[in-house]
Amino acid sequence: MSLWVFGYGSIIWRPDIPYTAAYRATAANWSRRFWQGSHDHRGTADSPGRVLTLVPIKGERCEGRVFEVPDSAISATLSLLDYREKNGYERQQLCVETVEVGTVEALTYIAPEHNEAWLGDAGSQVIADHIRKSHGPSGSNIDYVLSLHDALLADNIHDAHIAEIAGLLR
Ligand code: SIN
C-alpha cells in the first residue's frame with residue numbers, strides 16, 4: 001500500500017520526499033492563501049514570514065501536485081513532513097482529482113485558523129511588503145513565493161492570489 005501526499009506550496013517545488021509517481025491534482029472547494037506565519041522557515045518567532053495554508057472556499061479550486069510514496073518509505077516520510085510542517089500545520093486527508101489516476105485520498109498539511117502562528121487575511125500590498133522583508137532558516141520569503149509561482153507557470157496553472165503577490169514582488 002502506498003501513501004498519497006498532496007502539496008500546494010513548497011511541497012510542489014521542493015518535495016524532498018521519496019516518491020514513485022507525481023501528478024498534477026486539484027482540491028475542490030479549497031484555495032491557498034498567505035495567511036500563515038512562519039517562525040521556522042521563512043521568518044523567525046520575533047519576525048514571522050508569511051507562508052501558505054489552504055482555506056475552505058466553496059467553488060474555488062486549488063491546483064497542486066500529488067506524490068505517491070511507496071510503502072517502505074511511509075513512516076520516514078511522515079516523520080519528515082510532521083517535522084517540516086510543525087509550525088501550526090495539522091495532518092488532513094483530502095480527496096483530490098488527477099487526470100492519470102482519478103480521485104485519490106491524499107494526506108496534506110493545513111494550518112487552521114487560530115493556530116499559534118496564524119496571521120490571517122490582509123491586503124495584497126500588505127502581504128507583499130511583509131514577504132519582502134522576511135527571511136528565515138530556509139531562506140528569503142520572496143524565494144518561497146517566486147519558486148512556487150515559477151513552478152505553477154511551468155505547469156500552466158493560474159492562481160490569482162499567487163500571481164497577484166508574485167507580481168507585486170517581481
Ligand atoms: C505544502 O506545500 O503543501 C504545505 C505548505 C508549505 O510548506 O508551503
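Which polar backbone atom lies 2.9 Å from an oxygen atom of the ligand? It is one that belongs to Gly9, and I would like to start from there, keeping in mind throughout that what we are looking at is a predicted model.

Around the ligand we find Gly7, Tyr8, Gly9, Ser10, Ile11, Glu85 and Tyr144. Besides the contact with Gly9, an oxygen atom of the ligand has a backbone N or O atom of Ile11 at a distance of 2.9 Å, and for Tyr144 it is the side chain that takes part, with an N or O atom 2.6 Å from an oxygen atom of the ligand.

Tyr144 brings us to helix H4, which runs over residues 141-154. With its 14 residues, H4 spans 20 Å from the first C-alpha to the last, and that is close to the 20 Å expected at 1.5 Å a residue. Tyr144 is one of the buried residues of this helix, alongside Asn141, Val145, Leu146, Leu148, His149 and Leu152. As a reminder, residues three or four places apart in an α-helix point the same way, because there are 3.6 residues a turn. The buried residues of H4 pack against H1, S2, S3 and H3, and also against strand S7 (139-140) and helix H5 (160-169). Just after the helix, Asn156 adopts a positive phi of about 60 degrees.

Let me turn now to the aromatic rings, for which the count comes to four pairs. In one of them, Tyr19 and Phe67, the ring centres are 4.9 Å apart and the planes stand at 65 degrees, which is over 60, so the pair is classed as edge-to-face. This pair links distant parts of the chain, since Tyr19 sits in the loop between helix H1 (10-13) and strand S2 (21-38), while Phe67 belongs to strand S3 (residues 49-69), 48 residues apart. The two partners also differ in their exposure: Tyr19 is partly exposed at a relative accessible area of 41%, whereas Phe67, at 1%, is buried.

Trp35 and Trp118 form another edge-to-face pair, with ring centres 6.3 Å apart and planes at 85 degrees. Because Trp35 lies in strand S2 and Trp118 in the loop between strand S5 (103-110) and helix H3 (124-132), the pair ties together parts that are 83 residues apart in sequence. Trp35 has a relative accessibility of 16%, which is under 20%, so this residue counts as buried.

One last ring deserves a mention, that of Tyr83, where Lys86 lies over the face at 4.2 Å from the ring centre.

Key
Residues are numbered from 1 along each chain as its sequence is written. This is a predicted model: local features need pLDDT of at least 70, side-chain atom pairs count only at pLDDT 80 or more; totals for chains, interfaces and linings use all residues. Side-chain values use heavy atoms; hydrogens and water are left out. Rings of Phe, Tyr and Trp (its six-membered ring) pair if their centres lie within 6.5 Å; planes under 30 degrees apart count as stacked, over 60 as edge-to-face and the rest as tilted. Helices (H or I, at least four residues) and strands (E, at least two) are DSSP runs, numbered from the N terminus. Buried means under 20% relative accessible area, exposed over 50%, partly exposed in between (1.4 Å probe, protein chains only). A charge sits over a ring if NZ of Lys or CZ of Arg is within 6 Å of the ring centre and within 35 degrees of the ring normal. The expected span of a helix is 1.5 Å times one less than its number of residues. Contact means heavy atoms within 4.5 Å. A residue is near a molecule or strand if one of its heavy atoms lies within 4 Å of it. A polar contact is a pair of N or O atoms within 3.5 Å; within protein, one must be able to donate a hydrogen and the other to accept it, and residues adjacent in sequence count only if both atoms are side-chain atoms.
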